[in-house]
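Student: I have a model open and want to go through it with you. Can we take it piece by piece?

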There are 2 protein chains.
Amino acid sequence: MLKYQSVAQSIEHEIQTKDLTQGERLPSLTELMTQYNTSKSTIIKALDVLEKNNRIFQVRGSGIFVRRNQRKGLIDLQTNRGFSSDMEDARLSAKVLSFAKVTPTNEICQHLRCSPDEPVFHVKRLRLKDNKILCVEDSYYLTTVVPYLNTEILEHSIFEYLKTSYQLQVGFSEKYLSVGKLSQSNADYLTLSIDDPCLITHEIFYSRNGVPFDYSTNTYHYLNANFFLQITNTTI
Amino acid sequence: MLKYQSVAQSIEHEIQTKDLTQGERLPSLTELMTQYNTSKSTIIKALDVLEKNNRIFQVRGSGIFVRRNQRKGLIDLQTNRGFSSDMEDARLSAKVLSFAKVTPTNEICQHLRCSPDEPVFHVKRLRLKDNKILCVEDSYYLTTVVPYLNTEILEHSIFEYLKTSYQLQVGFSEKYLSVGKLSQSNADYLTLSIDDPCLITHEIFYSRNGVPFDYSTNTYHYLNANFFLQITNTTI
């Protein structure tokens, strides 16, 4: 870990252990330099990482402030590391509904930029939090990037498995959201009624070197799943 | 404008005019230094801004690549500069439903951190794109930050007005999303039926020095409004 990363982690840790609230002022740049016994550029880099992650905001000529919000139990729309890291305090689980190696449709080929000759994994899971159903997850994985999966792996965090076994991490993702009415089959999975409202997300996950390897469609339970995101106005 | 900002704008401009697509490689750091006749640190800063804005992604030891997606007509959940800047190509308009100075409820006081003695502006508008209804917007503005509004201003972009008249810009915002069923009154505004699905967003907008000045609730038309966001995995 680089110095600026460890400084960023320490500041983040301090915000949490001191239970600092939204808008509270952090020490100045100079004070942080003394506190962490490091250079100005390292502190600037650390603050930059914290700002990117919406943990602080910096006001020129005024100071560095904490950003923190009531988001307990909410799903962070901005992370692409899977649910497990979003909602650490809640008990998360996955129930496998189906799992097979299939021939990709044209739509899947387009999203994963693969050929119809390349089989893909098709995984359908129910995602739960504290035994409450969050969503039906319908995912396709490129077998060239994810060569092996089994039911046991699928009962836990797939991304955690990919990270540990293949050093594969999500670099970025694109998420598309719309609202619709539940089909009979999804209503059954979510124990809701046909035509009940739902949030539908389509997400394409790319590896750190830009290869799309996972195309997922989630259909969320409209009463159990709530979301948040933090937006910083970075003008080009 | 600082040098790195103008370099960032030029690169962004080049991506657009050359119509580069997702995954295309940009010139290397060294080539960009030559092209823009500037220092390494300026190019790094410019690339950092472009990465923050999800315009490029950088792969260590491999290169700089374009990020671009089919998002025409979609609402970008990650900008807080209002609709007008999100969907520049589409004809956007606003129809004022009601406008008054009111005493804030406890909920509003909490979000805008104001006292019940301070009146706030309450604005209800219908937002349209190409004459199709996008949402009902229900907003409260702190009069200490936004001292004046009128119907003519409300028929256009409020944020544009605040920027021009008060040099007030959004620094950051928090957005909460949930899905529900339409009330009769919102169904009437959206020309849908009661109990039809809808996305509801609650958003708190903060000024650049961290003052919350606008609390808005949007109820979106489930057929006319679709959304996207881009997520980069920045680990602390």
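**Strands, symmetry, rings and cysteines**

Tutor: S3(B) and S10(B) pair in the parallel sense, over two bridges. One residue match there is B:Ile75, whose bridge partner in S10(B) is B:Phe227. Keep in mind that this is a predicted model.

Student: What is the order of strands in the open sheet of eight strands?

Tutor: The order is S4(A)-S5(A)-S6(A)-S9(A)-S8(A)-S7(A)-S10(B)-S3(B), and the pairing is mixed.

Student: Which are the edge strands?

Tutor: Strand S4 (92–102) of chain A and strand S3 (75–76) of chain B, each of which pairs on one side only.

Student: How many bridges join S7(A) to S10(B)?

Tutor: Six, and the two strands run antiparallel. Within that pairing, A:Glu174 has B:Gln230 as its bridge partner in S10(B).

Student: And how many of the residues of strand S10 of chain B are buried?

Tutor: Five of the six, so the strand, residues 227–232, is mostly covered.

Student: Back in chain A, in which sense do S8 and S9 pair?

Tutor: Antiparallel, over nine bridges; S8 of chain A covers residues 197–207 and S9 of chain A covers residues 212–221. As an example, A:Ile204 has A:Tyr215 as its bridge partner in S9(A).

Student: Which strands does helix H7 of chain A lie across?

Tutor: Helix H7 (residues 158–166) of chain A lies across S5 (120–129), S6 (132–142), S7 (170–181), S8 and S9, all of chain A. The helix runs at about 160 degrees to S9(A).

Student: Switching to symmetry. What rotation superposes chain B on chain A?

Tutor: One of 180 degrees, with 0.0 Å of shift along its axis and an RMSD of 0.1 Å. The two copies are therefore related as by a two-fold rotation axis. In chain B, the C-alpha nearest that axis belongs to B:Pro197, at 2.3 Å.

Student: Through what surface do the copies meet?

Tutor: The same surface, because 100% of the interface residues of chain B are also interface residues in chain A.

Student: Now rings. How many aromatic pairs are there over all chains?

Tutor: The count is 18. A:Tyr220 and A:Phe227 make an edge-to-face pair, 4.9 Å centre to centre with 90 degrees between the planes. A:Tyr220 is buried at 5% relative accessibility, and A:Phe227 is buried at 2%.

Student: What about B:Tyr161 and B:Tyr166, which pair do they form?

Tutor: An edge-to-face one, with 5.7 Å between centres and 90 degrees between planes. B:Tyr161 counts as buried at 16% relative accessibility, whereas B:Tyr166 is partly exposed at 29%.

Student: Which residues do ring pairs link into a cluster?

Tutor: One such cluster consists of A:Phe57, A:Phe65, B:Phe172 and B:Tyr206.

Student: Last topic, cysteines. How many disulfides does a search of the whole structure find?

Tutor: Zero, over all chains.

Student: Why is A:Cys109 not bonded to A:Cys114?

Tutor: Because the sulfur of A:Cys114, the closest cysteine sulfur, is 4.1 Å from that of A:Cys109, too far for a bond. The cut-off for a disulfide is 2.5 Å between the sulfur atoms.

Student: And where is the nearest cysteine sulfur to B:Cys109?

Tutor: In B:Cys114, 4.1 Å away, and B:Cys109 is in no disulfide.

Student: Is A:Cys109 buried or exposed, and what about B:Cys109?

Tutor: A:Cys109 is buried, with a relative accessible area of 9%. B:Cys109 is buried too, at 9%.

Methods. Residues numbered from 1 in each chain as written. Chains lettered and ligands numbered in written order. Predicted model: local features only at pLDDT ≥ 70, side-chain atom pairs only at ≥ 80, totals over all residues. Heavy atoms only, no water. Least-squares fit on C-alpha atoms with pLDDT ≥ 70 in both. Contact = heavy atoms within 4.5 Å. Phe/Tyr/Trp six-rings, centres within 6.5 Å; stacked < 30°, edge-to-face > 60°. Buried < 20%, exposed > 50% of the residue type's maximum accessible area, 1.4 Å probe, protein only. Pairing = 2+ DSSP bridges. Helix = DSSP H or I, 4+ residues; strand = E, 2+ residues; numbered from the N terminus. Axes fitted to C-alpha atoms, helices over the stretch in contact; angles between N-to-C directions.
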